[in-house]
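Let's take a walk through this one together. Have the sequence and the model open side by side, and we'll start with how far to trust what you see.

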Amino acid sequence: MSLKHVLCGLRIDTGTTTTCTECDRALTECDPVTIRLHQNRQDIQWHLAACYCLGCVPISFEGLPSTLGTQLLCEGRIGIMQDGQTHQTWPVLVSPTIIETTRRTHVTYHATQEVSE
Ligand SMILES: [Zn+2]
């Protein structure tokens, strides 16, 4: 599965809102967000590490808690998914654009184009 597929529709939280990891501001549908993901060495899964509002987006990885493996910053918007059968909702990432990654070797990521939903 490509990274773009992982990022687009990535489940951020449960319900209809999520909160900024830094300032606890509530974020909901259509709000711009930047998420930080990390991937452990020898792990194929990306883990959601943080979700930032516009005011709290880290400029770089410096100053962030260091983890083994790869970190990724990705900006996008919040969309709300609903399971028509169970009526559960959850916020997801839409229109993801990768803005920075600590992975410098063997993979080059290109920013994804804005896609219409
Ligand atoms: Zn914030």
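This is a predicted model, so confidence comes up before anything else: the mean pLDDT of the protein is 84, and 81% of its residues reach 70 or more. Keep an eye on residues 105–117, though, where the pLDDT is below 50. Beyond near neighbours in sequence, that stretch has twelve contacts in the model.

Now for the sheet. Four strands make it up, in the order 4-3-5-6, and the sheet is open, with antiparallel pairing. Which strands stand at the edges? Those are strand 4 and strand 6, and since each has a single partner strand, one side of each is left without a neighbour in the sheet. Going from one strand to the next, the twist averages 35°.

Zoom in on the pairing of strand 5 with strand 6. The two run antiparallel and are joined by ten bridges. If you'd like one bridge to look at, take Glu 75, whose partner in strand 6 is Thr 97.

The same strands turn up again in the core. The largest nonpolar core has 17 residues, and Val 33, Ile 35 and Cys 74 are the ones with the most contacts inside it. Strand 3 (32–39), strand 4 (47–52), strand 5 (70–82) and strand 6 (89–101) each supply at least two of the core's residues. Strand 5 gives the most, with four residues.

Cys 74 is a good place to park the view for a moment. What is Cys 74 in contact with, once its neighbours within four places in sequence are left aside? The answer is Leu 7, Thr 34, Ile 35, Leu 37, Pro 96, Thr 97, Ile 98 and Ile 99. You'll recognise Ile 35 from the core and Thr 97 as the bridge partner of Glu 75.

Finally, two loops deserve a look for their backbone angles. Most residues other than glycine have a negative phi. Asp 24, however, has a positive phi of about 65° although it is not a glycine. You'll find Asp 24 in the loop between strand 1 (17–19) and strand 2 (26–28). Is Asp 24 buried or exposed? Asp 24 is exposed, because just 9 other C-beta atoms lie within 10 Å, and a count of 12 or fewer is what qualifies.

Gln 42 tells a similar story in the loop between strand 3 and strand 4. Its phi is near 60°, again a positive value in a residue other than glycine. Gln 42 counts as exposed too, because it has 7 C-beta neighbours inside 10 Å.

Terms used:
Residues are numbered from 1 along each chain as its sequence is written. This is a predicted model: local features need pLDDT of at least 70, side-chain atom pairs count only at pLDDT 80 or more; totals for chains, interfaces and linings use all residues. A nonpolar core is a set of buried Ala, Val, Leu, Ile, Met, Phe, Trp, Tyr and Cys residues joined through C-beta atoms within 7 Å. A residue is buried if 20 or more other C-beta atoms lie within 10 Å of its own, exposed if 12 or fewer, and partly exposed in between; C-beta atoms are placed from the backbone. Two residues are in contact if their C-beta atoms, placed from the backbone, lie within 7 Å. Two strands pair if DSSP finds at least two bridges between them. Axes are lines fitted to C-alpha atoms, for helices over the stretch in contact, and angles run from 0 to 180 degrees between N-to-C directions. pLDDT is the predictor's confidence in each residue, from 0 to 100.
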